Amino acid sequence: MRIWLVSLFLICTATISIGQNAYREPIYLAYIQGDMSRWEAIIRLIEERSDDFSDEERKELISYYYGYISFLLETDQKDKAQGYITKGEKLLNLLLKSASNDVTVLAYKGAFIGFKIGSNMFRTLTLGKERVSYINRAYKMDFQNIQAILEKGNYLFQMPWILGGDEKEAVRLYEKAVLRMEKHQNLKQNWLYLNVLTTIARHYEEEKQWQKAVLIYEKILLQEPEFSWVKDTLYPAAKRTAAKNKK
């Protein structure tokens, strides 16, 4: 780990701004290797010079908070997640002051309100409307914006149907986001693309549509053969279950 951090430090000091080129690869490697302590170390290095960030650099850091908070909430590290939620909201509020109609920022704002709900479910009723307001505003302004599509999908996926949730519509939106990524983004070292595909595949598993899940896992591994979670755990298990259900 110490050798890796030294290498990363050299990358950082050789770069004027954080930019995708500086941090995209180490963040991506942390994701596909399932090494979230490395992800956190990268965030800390970036934070050391966050006072003089441009708006684009702030959005980049928010995207890394976004991925890390999701992991913390999934692994029930709510107290730790709250610290990063606070940091992310501080940056988002700065961005909204200078760019109040930035669709991606509005979508992230809705996401971070959702994180606050995730860290304390008793806040669902008090914060739910605010979350939906930001997400719907972003989606209405640009229904082709990838982050707006994803956050609308996340809301529908996470909420109970009695509060407006709809998993099938959520998956349709995730699939729409995937198509937008494939058409408009560089998919090389794109951790979010792999993450969305994995979410779709796991939904198909929950629906017992094993063959569909297998096909998506195979698509993921064609894009990234070294994605350890899919390669070592999700794909082999889905393939075995699909084979059993064929008999």
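**Notebook: aromatic pairs, a pocket and two backbone angles**

I began with Y108, which is buried at a relative accessible area of 7%. I note at once that this is a predicted model, so that I read every value below as computed from it.

Next I looked up the partner of this ring. Y66 is buried too, with a relative accessible area of 8%; under 20% is what buried means here. The ring centres of Y66 and Y108 are 5.4 Å apart and their planes stand at 75 degrees, so I entered the pair as edge-to-face, the word for planes over 60 degrees apart. Because Y66 belongs to helix α4 (residues 55-74) and Y108 to helix α6 (residues 103-119), the pair ties together parts that are 42 residues apart in sequence.

I then asked how many aromatic pairs the structure holds, and the count came to eleven. One of them joins Y31 and F227, with 5.1 Å from centre to centre and 40 degrees between the planes, which makes it tilted. Y31 sits in helix α2 (residues 19-32), while F227 is in the loop between α11 (210-223) and α12 (228-246), so this pair ties together parts that are 196 residues apart in sequence. I found both Y31 and F227 to be buried. Following the ring pairs further, I saw that they link Y31, F227, W39, Y64 and W191 into a cluster.

A charge beside a ring was my next entry: K152 lies over the face of Y139, at 5.3 Å from the ring centre.

Which residues are closest to the centre of the largest pocket? I first wrote down its volume, about 1,200 Å³, and then found that, of the 36 residues lining this pocket, S70, F71, E74, N195 and T199 are the closest to its centre. Helices that each supply at least two lining residues include α3 (36-47), α8 (146-158) and α10 (191-206), and α10 gives the most, with nine residues. Sorted by class, the lining has 19 nonpolar, twelve polar and five charged residues.

Last, I looked up backbone angles. Q189 has a positive phi of about 55 degrees although it is not a glycine; I located Q189 in the loop between α9 (167-184) and α10, where it counts as partly exposed at 22% relative accessibility. K208, also not a glycine, has a positive phi near 60 degrees. I placed K208 in the loop between α10 and α11, and at 62% relative accessibility I entered K208 as exposed.

Conventions:
Residues are numbered from 1 along each chain as its sequence is written. This is a predicted model: local features need pLDDT of at least 70, side-chain atom pairs count only at pLDDT 80 or more; totals for chains, interfaces and linings use all residues. Side-chain values use heavy atoms; hydrogens and water are left out. Rings of Phe, Tyr and Trp (its six-membered ring) pair if their centres lie within 6.5 Å; planes under 30 degrees apart count as stacked, over 60 as edge-to-face and the rest as tilted. Helices (H or I, at least four residues) and strands (E, at least two) are DSSP runs, numbered from the N terminus. Buried means under 20% relative accessible area, exposed over 50%, partly exposed in between (1.4 Å probe, protein chains only). A charge sits over a ring if NZ of Lys or CZ of Arg is within 6 Å of the ring centre and within 35 degrees of the ring normal. On a 1 Å grid over the protein atoms alone, a cavity is a set of points where a 1.4 Å probe fits but cannot get out, and a pocket is an open set with protein on both sides within 12 Å along at least five of seven lines; lining residues have an atom within 4 Å of a point. Grid points are joined across faces, edges and corners, and a volume is the space filled by probe spheres set on the points. Ala, Val, Leu, Ile, Met, Phe, Trp, Tyr, Cys and Pro count as nonpolar, Asp, Glu, Lys and Arg as charged, and the others, Gly among them, as polar.
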